[in-house]
Amino acid sequence: MDNSAVSAMDLYRHTRGMSLVDRFTVLTNTGDECIREVELWFLLKRKTTPVCYVWFEPSPKMSIDEGIMKTIYVNKIVKAGCTVKILMADLFAVCYKSGSYNLDQVRTIGSYNIEMWRAAGMDLERVQPVWLSDELNHHPSDYWPLALDISTKSTVDQMARCRVDLESFGPEILSGAELFYPCLQIAVILVQKVVSCAIITI
């Protein structure tokens, strides 16, 4: 039996004691918000192991929220029967850290972050870190037209509101890179072309 089959059986045994209601409750109580709860409900009914994407920008100063709390939340998502992929936004960290680090340095920092999660107790056997620079390099012809298409369907105010941490500065002060950032994030998720996924922001 190959490793994927063993992992699937382990995951089934891990979640078979949880009802659909329990799994739904865990997931809706994990993220900052659930935009369409009915879609999540039908996703869980349709798929026993949906894919959940968790966004993370590598940082040399991992906060308690990004370390301990993310570990707790990711383990809850795994327990609810989901396959978790942590999108390690290495390229974005390079672009939005004012040139403090190059890509190799950011990836080294990201590797340290993963080990910090391991030390905190994250169930990394059921979690797959995905390096965004690799993903984008594999699909540039799909990614960039999609990002530009998203930007044409979004207003400056809408993009500014997506940057919650910077919203108080207003769209007239944010840099063009910061305004374009939400379009890049959305495109990263959509270019994965997964059928069953939930985007968890924690």
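## Contacts around T71

Contact here means heavy atoms within 4.5 Å. The model is predicted. T71 lies in helix α4, which spans residues 64-79. Neighbours within four places in sequence aside, T71 is in contact with W117, A120, G121 and M122. Its relative accessible area is 3%, so T71 is buried.

One of those partners, M122, sits in the loop between α6 (103-120) and β3 (127-131). M122 has a relative accessible area of 5% and is therefore buried too. Residues up to four places away in sequence are again not counted. On that basis M122 touches K70, T71, V74, N75, I86, W117 and V127. Take the pair M122 and K70: 52 residues separate them in sequence. Their C-alpha atoms are 8.5 Å apart in space.

## Overall layout

The chain has 202 residues, and 40% of them are buried. It holds 10 helices and 4 strands. Read from the N terminus, the order of elements is α-α-α-β-α-β-α-α-β-α-α-α-α-β.

How much of the contact set joins residues at least 24 apart? Among contacts between residues at least 6 apart in sequence, the share is 76%.

## Helices α2 and α3

Two packed helices are described by the angle between their axes and the distance between the axes. Helix α2 covers residues 20-28, and helix α3 covers residues 37-46. Their axes come within 10 Å. The crossing angle is roughly 135°. Angles over 145 degrees would count as roughly antiparallel, and 65 to 115 as roughly perpendicular. α2 and α3 are therefore oblique to each other. The crossing of α2 past α3 is right-handed.

Which residues meet? From α2 come L20, V21, R23, F24, L27 and T28. From α3 come E37, L40, W41, L44 and K45. By class, the residues of this contact are 7 nonpolar, 1 polar and 3 charged.

## F24 in the α2 contact

F24 belongs to helix α2. Its partners, neighbours within four places in sequence aside, are E37, L40, W41 and L44. Is F24 buried or exposed? Its relative accessible area is 15%, so F24 is buried. The cut-off for buried is under 20%.

F24 can also be placed relative to A80. The two are 56 residues apart in sequence. In space, the C-alpha to C-alpha distance is 7.9 Å.

## Strand β1 and its partner

Strand β1 runs over residues 51-56. In this strand 6 of the 6 residues are buried, so β1 is largely enclosed by the rest of the structure. In a regular strand the side chains alternate between the two faces of the sheet. In β1, V51, Y53 and W55 point one way. C52, V54 and F56 point the other way. Residues on both sides are buried.

β1 pairs with strand β2, residues 83-88. The pairing is parallel and runs over 6 bridges. One of the bridge partners is T83 in β2, matched with V51.

## N113 in α6

N113 is in helix α6. At 1% relative accessibility, N113 is buried. Where does N113 make contact, beyond its neighbours within four places in sequence? The partners are F56, P58, S59 and M62. Among them, F56 is one of the buried residues of β1.

Conventions
Residues are numbered from 1 along each chain as its sequence is written. This is a predicted model: local features need pLDDT of at least 70, side-chain atom pairs count only at pLDDT 80 or more; totals for chains, interfaces and linings use all residues. Side-chain values use heavy atoms; hydrogens and water are left out. Axes are lines fitted to C-alpha atoms, for helices over the stretch in contact, and angles run from 0 to 180 degrees between N-to-C directions. Helices (H or I, at least four residues) and strands (E, at least two) are DSSP runs, numbered from the N terminus. Angles under 35 degrees count as roughly parallel, over 145 as roughly antiparallel, 65 to 115 as roughly perpendicular and the rest as oblique. A crossing is left-handed if the near helix is turned anticlockwise from the far one by less than a right angle, and right-handed if clockwise. Ala, Val, Leu, Ile, Met, Phe, Trp, Tyr, Cys and Pro count as nonpolar, Asp, Glu, Lys and Arg as charged, and the others, Gly among them, as polar. Buried means under 20% relative accessible area, exposed over 50%, partly exposed in between (1.4 Å probe, protein chains only). Two strands pair if DSSP finds at least two bridges between them.
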